[in-house]
Amino acid sequence: MLYTNARVFTPEGFVTGGFCVENGRFGEFFAGQRAGGRDLHGAAVIPGLVDIHTHGAMGADFSDGDLEGLKRMAAHLAKCGVTSFAPTSMTLPYETLAAAFRSGAELYENRPAGCARVMGIHMEGPYFSEKKKGAQNGAYLRLPDFEGFRALYEGCGGLVRIVDVAPELEGAADFTGKAKALCTVSVAHTDASYEDCRLFTTAGPA
């Protein structure tokens, strides 16, 4: 399919021209005008957005573990230009997180047409500082627990891509030294000192 008269985002910035879509992917790009195709009347065209931290939308929350709700989220995101995303959990009991992660894995494996792709899960909590918990539920905060995390990770087929941790917590350095072999370990909701962060970021094998 040929599209013309658009402002297409390129590495050099926006360029007026057109492009082709082949099998659902961008193909040839050209500057200037070309006969035929669909006139986009100067609309801006950018690559699909990737959202790595989103809890919910359209009356649904990923942490609910409701597959239909997650599908509504994914459809809404696609309409907003987000082509892939990491549904993000809250600080909750492990069994609640496990159910949410299973719903994420199901959508990852079986994505309906018109939905953004689940590219991984962002595990926000429960390994956070009480002082900096923000909107997280303090009743479910806990110390970093690699075996518990690994069970959640394996339960969703290794779909967790980011896990957030407060570096000052007891066991945080040991946790990240092990967990970073499985996914990205991110500093979050923390009251850590420089030394806490130094130990955290240098933990485990290089």
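This is a short tour of a predicted model, from the whole chain down to one residue in its core.

**Whole protein.** Start with everything shown as a cartoon. You should find five helices and 13 strands, and a C-alpha trace that spans about 65 × 40 × 30 Å along its principal axes. Of the 206 residues, 39% are buried. If you draw a contact map, look away from the diagonal: among contacts with a separation of 6 or more, 64% join residues 24 or more positions apart.

**Surface and charges.** Now switch on the surface. Its accessible area is about 10800 Å², with 53% belonging to carbon and sulfur atoms. Colour by charge next, and you will have 19 positive and 24 negative side chains; the centres of these two sets lie 5 Å apart.

**The largest core.** Hide the surface and select F85, F101, M123, Y127, F149 and V160. These residues touch the most other members of the largest nonpolar core, which has 38 residues. Which elements each supply at least two residues of this core? Select helix 1 (67–79), helix 2 (94–109), helix 3 (146–155) and helix 4 (172–179), then add strand 9 (82–87), strand 11 (121–123) and strand 12 (160–165). Helix 2 gives the largest share, six residues.

**A second core.** For a stop apart from this one, pick Y3, V8, F19 and V45, which are among the six residues of another core.

**Y127 up close.** Finally, centre on Y127. Beyond its neighbours within four places in sequence, Y127 is in contact with Y94, with the run R142, L143, P144 and D145, and with F149. Its other partners of this kind are V163, D164, V165, A166, L169 and F175.

Key
Residues are numbered from 1 along each chain as its sequence is written. This is a predicted model: local features need pLDDT of at least 70, side-chain atom pairs count only at pLDDT 80 or more; totals for chains, interfaces and linings use all residues. Side-chain values use heavy atoms; hydrogens and water are left out. A nonpolar core is a set of buried Ala, Val, Leu, Ile, Met, Phe, Trp, Tyr and Cys residues joined through side-chain atoms within 4.5 Å. Buried means under 20% relative accessible area, exposed over 50%, partly exposed in between (1.4 Å probe, protein chains only). Helices (H or I, at least four residues) and strands (E, at least two) are DSSP runs, numbered from the N terminus. Contact means heavy atoms within 4.5 Å. Accessible areas come from the Shrake-Rupley method with a 1.4 Å probe; for residues, only the protein chains shown count as cover. Lys and Arg count as positive and Asp and Glu as negative; His and the chain ends are not counted. The place of a charge is taken as NZ of Lys, CZ of Arg, CG of Asp or CD of Glu.
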